[in-house]
Amino acid sequence: MLYDALVKPLLFRLDAERAHHLVFNNLKRAYRVPGAAAALRGLYELRHPSLERDVFGLRFRNPVGLAAGFDKNAELTDELGALGFGFVEIGTVTPRPQPGNPQPRLFRLPQDAALVNRMGFNNHGAEAAAARLRQRRNRDLIIGGNIGKNKDTPNELAAHDYVACVEALHEVVDYFVVNVSSPNTPGLRQLQEREPLIELLQQVQERNQSLPRPRPLLLKIAPDLTDPQLDDILLIARETNLSGLVATNTTISRDNLTTPAADVANLGAGGLSGKPLRRRATEVIRYLSQHSRGNLPIIGVGGIHSAQDAREKLEAGACLLQLYTGFIYEGPSLVQQINRELVKS
């Protein structure tokens, strides 16, 4: 109620990216105050045996995670863990630091409870993220590493970038997600095609398996894939021994929006997330689950703004969930609301 009545209206008066940094910095400062960590956990964390999940060899304290994109540089993992998340996925991380696309690059569509972003993998680089993760205190929080390629790396050399990220982050993350589905790096989605994707994943998996304690390797896919393309993804997942899929990333579609089309067009290119993505993300999850006969774990993400939305993803076949836009629009209590509903049921 406090978030809806006071915090959100203030934040939504600011540019979206500026508001993000304001929340980020204030949460970081507040967490340093003695007793603040315990207070946050008391407000937002919910522990219950029925919430625990064993997925791809990892024990999650609850199934609600934070999607990649919020904490790109692993600067806030302890603080986010105190807000009740069962896991946090950092990134997308690239081998070398890069500024991302020119600002403005993050936009709200309040009428649709949606966001449009064209951030472009802005991050401090894999080594910086690894250094921060070595300093974190909350060691029972599962950390995922979402990895990508630098903008100036040609697609034929993309595997080198993904392998470099695996090498830098291997000791400090619990699983990896290969991101070839962001619409904001030119040409990146071409890597979702069958042959380049197999080659990429084989090289990344080969390096991953050669390291001590290989990490689960997942692939994040776009919601804009056709059914035949999803069939290819399932075949590739088996062929490259993936541990699971993350479904889905943002969409390039602008269908069925309440926001006037001219206003949307003025925002320019970028990936759309939030409530308009809910139905399509669920369709993709259901298709993947049914056609893999439930044998390939799926992290469901896309349009989760309520406990009902979360249950819809789980019933479609997801075994874990991730929030991003719903976290922005509904506030931190959404994590606890979902977990409470799961405990009740």
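What follows is a chat about a predicted model of one protein chain.

Colleague: How many helices and strands does the protein chain have?

Modeller: This is a predicted model, and its chain has 13 helices and 13 strands.

Colleague: What radius of gyration does the chain have, and what would a compact globule have?

Modeller: The chain has 19 Å, and a compact globule of 345 residues would have a value near 20 Å, so the two agree. Along the principal axes, the C-alpha trace spans about 50 × 50 × 40 Å.

Colleague: What share of the residues is buried?

Modeller: Buried residues are 58% of the 345. The accessible surface is about 14900 Å², and carbon and sulfur atoms hold 50% of that.

Colleague: Of the contacts between residues at least 6 apart in sequence, what share joins residues at least 24 apart?

Modeller: That share is 73%.

Colleague: And the charges, how many of each are there?

Modeller: There are 41 positive and 37 negative charges, and their mean positions lie 6 Å apart.

Colleague: Let's move to strand S7. How many of its residues are buried?

Modeller: Six of six, so to speak: S7 covers residues 142–147 and is mostly covered.

Colleague: Which residues point which way from S7?

Modeller: Ile 142, Gly 144 and Asn 146 point one way, while Ile 143, Gly 145 and Ile 147 point the other, and all are buried. In a regular strand, side chains alternate between the two faces of the sheet.

Colleague: Which way does S4 run against S7, parallel or antiparallel?

Modeller: Strand S4, residues 87–93, runs parallel to S7, and five bridges join them. Val 93 has Ile 147 of S7 as its bridge partner. S7 also pairs with strand S8, residues 175–179, in the parallel sense over four bridges. There, Asn 146 stands opposite Val 177 of S8.

Colleague: Back to S4. What is the peptide bond from Gly 91 to Thr 92, cis or trans?

Modeller: The bond from Gly 91 to Thr 92 is cis, with omega near 10°, and Thr 92 sits in S4. Most peptide bonds are trans.

Colleague: Where is Pro 104, and what is the bond before it?

Modeller: Pro 104 is in the loop between S4 and strand S5, residues 106–109. The bond from Gln 103 to Pro 104 is cis, with omega near -5°.

Colleague: New topic, phi. What value does Ala 74 have?

Modeller: Ala 74 has a positive phi of about 55°, though it is not a glycine. Most residues other than glycine have a negative phi. Ala 74 lies in the loop between strand S3 (64–66) and helix H4 (77–82).

Colleague: And Asn 256, what is its phi?

Modeller: Phi of Asn 256 is also positive, near 60°. Asn 256 is in the loop between S10 and helix H9 (261–267).

Colleague: Why does Asn 256 count as exposed?

Modeller: Because its relative accessibility is 79%, and exposed means over 50%. Ala 74 has a relative accessible area of 5%, so it is buried.

Colleague: Last one: where is Ser 243?

Modeller: Ser 243 is in the loop between helix H8 (227–239) and strand S10 (244–247). With 22% relative accessibility, Ser 243 counts as partly exposed.

Colleague: Which residues is Ser 243 in contact with, leaving aside neighbours within four places in sequence?

Modeller: Ser 243 is in contact with Phe 56, Pro 216, Leu 217, Leu 218, Leu 296 and Pro 297.

Colleague: How far apart are Ser 243 and Glu 315?

Modeller: Ser 243 and Glu 315 are 72 residues apart in sequence and 20 Å apart in space, C-alpha to C-alpha.

Conventions: Residues numbered from 1 in each chain as written. Predicted model: local features only at pLDDT ≥ 70, side-chain atom pairs only at ≥ 80, totals over all residues. Heavy atoms only, no water. Helix = DSSP H or I, 4+ residues; strand = E, 2+ residues; numbered from the N terminus. Rg over C-alpha atoms; globule rule 2.2 N^0.38 Å. Buried < 20%, exposed > 50% of the residue type's maximum accessible area, 1.4 Å probe, protein only. Contact = heavy atoms within 4.5 Å. Areas by Shrake-Rupley, 256 points an atom, 1.4 Å probe, with all protein chains shown as cover. Lys, Arg positive; Asp, Glu negative; His and termini not counted. Charge placed at Lys NZ, Arg CZ, Asp CG, Glu CD. Pairing = 2+ DSSP bridges.
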